Amino acid sequence: MKPILSHLECAACGATGDAFAPATVCVKCNKPLLVRYDLERARAALRPDRLSGRRSDLWRYREVLPVCAENEIVSLGEGWTPLLAAPRLAARAGLRRVFIKEEGQNPTGSFKARGMAAAVSALVRLQIKNAYVPSAGNAAGALAAYGARAGINITIAMPRDTPEPNILECRAAGASVHLIEGLIGDCGKFLRERFAGARDAMELSTLREPYRVEGKKTMLYELYEQLQFDLPDVIIYPTGGGTGIVGMAKAYDEMTALRFAPPKRPRFVVVQSEGCAPIVRAFQSGATEAKPIANAQTIASGLRVPSAIGDFIILRALRESGGTALTVTDDEILREMGVATRDTGVLFSPEGAAASVAARTLAKNGWIAPDDRVVIFNTGSGLKYPEAARAAIEFK
Ligand SMILES: Cc1ncc(COP(=O)(O)O)c(C=O)c1O
């Protein structure tokens, strides 16, 4: 049978590429490639009313994921995370319908598991045995775990001050770990030099390969099912390299083509930290691309991404959805880790806390209406940040 997986397409110039050969970025313009499917064919099998008996992980949406056979799937049970009503957090913001999408319950404790499950499965399909990634921490932990699961050799580079649980989980899973003075961009440079000319190793940096976004996009498919075949009015996402927003915007377009999205697109909100906010600055100035940030600093290590190759896609997704972008300070994040955790019982990460602060700010200034249905993404478990968690407990 012909696979539903069809081809790759550049998000900037529209050039097409082969989804059945290893690929990184567009050979014509060096911008990110996106995976395309034969959605006409997917539509026959992927019907919302027929999903209920499927497996309870992200592979329930298999027709729109980049594998061709069951035995290519590398899974640790990622996805299908809880969507939890948060009435006390809602009341604190003067809202009525706030939900937490609890991504901390993914394998390796963050939403990065979704992307790496899809990317490592694609590596298995392409028969690639070595992979490497520069990371702010959670992507590295996820790749190390899925690499171990698939028997693929993994090399990681992370900033030296990455939270210790991220370093430990990579080493525990047998990855080769390099701690670099500098930020994620420096880690990428280090690995690209190290692997220059290596033909048998694949780089899995954010949006420098097409497959991680495919795992991330399932977050929107899940929201649709969990909200009884509807979507929220507002989705608040802590954003670094932007795969969450890029993935969910892609999912919306696919769901429309599959004829199962409701007509209204959720308004996306990008939240970044005051100390590293390239996308917010670009959004506010009306730019279509972001300028790199010098001396980026924030306690939310996942948001410490001074320059994103997918900047133009994130900004496009924000504007198409009627969304917005805003910053929060590290002090607000620390305070909110405590407040949001006490209000919900969910152990908030600094990144999730940033999204929670943003919900309140936007409710206060009227951008979110009291009756809007709002989803805050807690993208990782607070357990992965012992230092920030300690500082949050002691924060006055
Ligand atoms: C917990 C957490 N939240 C959010 C992000 C930002 O994700 P992205 O880089 O896909 O925008 C990261 C990235 O490392 C993260 O670890």
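**Figure 1. The whole chain has the radius of gyration of a compact globule.** A compact globule of 396 residues would have a radius of gyration near 21 Å, and the chain, at 19 Å, agrees with that. The model is predicted. Along its principal axes, the C-alpha trace spans about 55 × 50 × 40 Å. The secondary structure comes to 13 helices and 13 strands. Of the 396 residues, 57% count as buried. Among contacts with a separation of 6 or more, 71% join residues 24 or more positions apart.

**Figure 2. The largest nonpolar core holds 135 residues.** The residues with the most contacts inside this core are L143, I236, V269, V270, I279, A358 and A359. Helix α3, residues 112–126, gives the core its largest share, 9 residues. I236 can be followed further. Setting aside neighbours within four places in sequence, I236 is in contact with V269, V271, A355, A358 and A359. The list for I236 also includes V374, V375, I376 and F377.

**Figure 3. The ligand is surrounded by 19 residues.** Those that come nearest are G240, G241, G302, T379 and G380. Two elements, α4 (138–150) and α8 (243–257), give two or more residues to this shell. By class, the shell has 13 polar, 4 nonpolar and 2 charged residues.

**Figure 4. Strand β12 is buried along its length, with 5 of its 5 residues buried.** The strand covers residues 324–328. With every residue buried, β12 is largely enclosed by the rest of the structure. T324, L326 and V328 point one way, while A325 and T327 point the other way. Residues on both sides are buried. β12 pairs with β11 in the parallel sense, over 5 bridges. Q272 stands opposite T327 of β12.

**Figure 5. Helices α9 and α10 pack their buried residues against strands and helices.** Start with α10, residues 311–320. Its buried residues are D311, I313, I314, L315, A317 and L318. They pack against α8, β11 (267–273), α9 (278–285) and β12. Now α9. Here P278, I279, V280, A282 and F283 are buried. The cover over the buried residues of α9 includes β11, α10 and β12. I279 is also among the residues with the most contacts inside the largest nonpolar core. Each helix is followed by a glycine with a positive phi. After α9 comes G286, with phi near 80°. Just after α10, G322 takes a phi of about 70°.

**Figure 6. Strand β3 pairs with strand β1 in the antiparallel sense.** The pairing runs over 5 bridges, and β1 covers residues 5–10. L5 has Y37 of β3 as its bridge partner. β3 itself covers residues 33–37. With 4 of its 5 residues buried, β3 is largely enclosed by the rest of the structure.

**Figure 7. N30 and T108 have a positive phi without being glycines.** Most residues other than glycine have a negative phi. N30 has phi near 65°. The residue is found in the loop between β2 (16–17) and β3. N30 is partly exposed, with 13 other C-beta atoms within 10 Å. T108 has a phi of about 65°. T108 is found in the loop between β5 (97–102) and α3. Unlike N30, which is partly exposed, T108 counts as buried because it has 27 C-beta neighbours inside 10 Å, where the cut-off for burial is 20 or more.

**Figure 8. G104 is a buried loop residue.** G104 lies between β5 and α3, in the loop where T108 is also found. There are 23 other C-beta atoms within 10 Å of G104, so G104 is buried. Leaving aside neighbours within four places in sequence, G104 is in contact with G109, S110, L347, S349, N378, G380 and S381. One of these contacts, G380, is also among the residues that come nearest to the ligand. G197 stands apart from this group of contacts. The C-alpha atoms of G104 and G197 are separated by 37 Å. Along the chain, the two glycines are 93 residues apart.

Notes: Residues numbered from 1 in each chain as written. Predicted model: local features only at pLDDT ≥ 70, side-chain atom pairs only at ≥ 80, totals over all residues. Near = placed C-beta within 6 Å. Nonpolar A, V, L, I, M, F, W, Y, C, P; charged D, E, K, R; others polar. Buried ≥ 20, exposed ≤ 12 C-beta atoms within 10 Å, placed from the backbone. Pairing = 2+ DSSP bridges. Rg over C-alpha atoms; globule rule 2.2 N^0.38 Å. Contact = placed C-beta atoms within 7 Å. Core = buried A, V, L, I, M, F, W, Y, C linked by C-beta atoms within 7 Å.
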